[in-house]
Amino acid sequence: MELTLAQLDYIDDYLIKNKVKYWDVRMELLDHISMEVQRCMSNRLTFEHALQEVHVAFGNKMRSKALSKDQTQWIFNESIYADHSGYNKIIATKTKELQLRIRRLYKKGFVGFFTSAASLCCYIVCIGLLVLCRESINPKVLSQL
């Protein structure tokens, strides 16, 4: 059974409310969740029940508890927004992969800059100009400013 655009938007909002803030991670999870929800719906489950089943399958819980403001009693929250700890591992893995790609790009840019003859000459000229400017500035003139 195919999901409607409204159902896909609902799953996207569900992921945003479950603190999946990175767009690429959210799109990947949206793809996985929508496929699993479709599979569950083909087994005669409603959209809501299928989403709950997929939510639990990712390692999330349907129930959370917190202390009240006056800290005298427990408040139980039972919904698909109660717990999102199952997504934390996926988010951490994707964040590490992204950081690794960024470090590789920085390294490639840094090595590329210093191995290019034109940029290396430009760098040496800039350093030379800075040294000349530093030596030509009179400290007495600066103290009068």
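**Figure 1. A close-up of D12 and the residues it touches.** In this predicted model, D12 touches R26, M27 and L30, leaving aside residues up to four places away in sequence. D12 itself lies in helix α1. Its relative accessibility is 17%, and buried means under 20%, so D12 counts as buried. That makes D12 a handy place to start looking at α1, the subject of the next view.

**Figure 2. Helix α1, with its buried and exposed residues.** Helix α1 takes in residues 5-17. How far apart should the ends of this 13-residue helix be? At 1.5 Å a residue, α1 should span 18 Å, and its end C-alpha atoms are indeed 18 Å apart, so the two values agree. Now look around the helix: Q7, I11, D12, Y14 and L15 are the buried residues here. They cover an arc of only 155 degrees around the axis, which means that they sit on the same side of α1. Turn to the other side of α1 and you'll find L5, A6 and K17, which are exposed. What do the buried residues of α1 pack against? Their partners are α2 (23-42), α3 and α4 (85-115).

**Figure 3. Where α1 meets α3.** This view picks one of those partners, helix α3, which covers residues 47-57. The axes of α1 and α3 come within 12 Å and cross at roughly 35 degrees. The crossing of α1 past α3 is right-handed. On the α1 side, the contact is made by Q7, Y10, I11 and Y14; on the α3 side, F47, L51 and H55 do the job. What kinds of residue are these? Five are nonpolar, two are polar and no charged residue takes part.

**Figure 4. Q52, a partly exposed residue of α3.** Staying with α3, this close-up is about Q52, whose place is in that helix. Is Q52 buried, exposed or partly exposed? Its relative accessible area is 32%, so Q52 is partly exposed. Setting aside residues up to four places away in sequence, Q52 touches M62 and I80. It's also worth finding V37 in this view: Q52 and V37 are 15 residues apart in sequence, and their C-alpha atoms are 9.1 Å apart in space.

**Figure 5. Two loop residues with positive phi, K19 and R44.** Here are two spots in the loops on either side of a helix we've already met, α2. K19 comes just after α1, in the loop between α1 and α2. Its phi is near 65 degrees, a positive value in a residue other than glycine. Is K19 buried or exposed? With a relative accessible area of 55%, K19 is exposed. R44 is found further along, in the loop between α2 and α3. Phi of R44 is near 70 degrees, again a positive value in a residue other than glycine. R44 is exposed as well, with a relative accessible area of 81%.

**Figure 6. Helix α4 and its buried residues.** Helix α4 has 31 residues. From its first C-alpha to its last it reaches 45 Å, close to the 45 Å expected at 1.5 Å a residue. Which residues of α4 are buried? Look for G86, Y87 and I91. The buried residues of α4 pack against α1, α2 and α3.

**Figure 7. S119 in helix α5.** S119 is found in α5, which runs over residues 117-136. Its relative accessible area is 14%, so S119 is buried. Which residues does S119 touch, not counting those up to four places away in sequence? They are G112, F113 and F114.

**Figure 8. Stepping back to the chain.** After the close-ups, here's how the pieces line up. The secondary structure comes to six helices and two strands. Follow the sequence and the pattern reads α-α-α-β-β-α-α-α. How much of the chain is buried? Buried residues make up 21% of its 145 residues. As for contacts between residues at least 6 apart in sequence, 49% of them join residues at least 24 apart.

Technical notes: Residues numbered from 1 in each chain as written. Predicted model: local features only at pLDDT ≥ 70, side-chain atom pairs only at ≥ 80, totals over all residues. Heavy atoms only, no water. Axes fitted to C-alpha atoms, helices over the stretch in contact; angles between N-to-C directions. Helix = DSSP H or I, 4+ residues; strand = E, 2+ residues; numbered from the N terminus. Left-handed = near helix turned anticlockwise from the far one by under 90°. Contact = heavy atoms within 4.5 Å. Nonpolar A, V, L, I, M, F, W, Y, C, P; charged D, E, K, R; others polar. Buried < 20%, exposed > 50% of the residue type's maximum accessible area, 1.4 Å probe, protein only. Expected span 1.5 Å × (residues − 1). Arc of directions from axis to C-beta.
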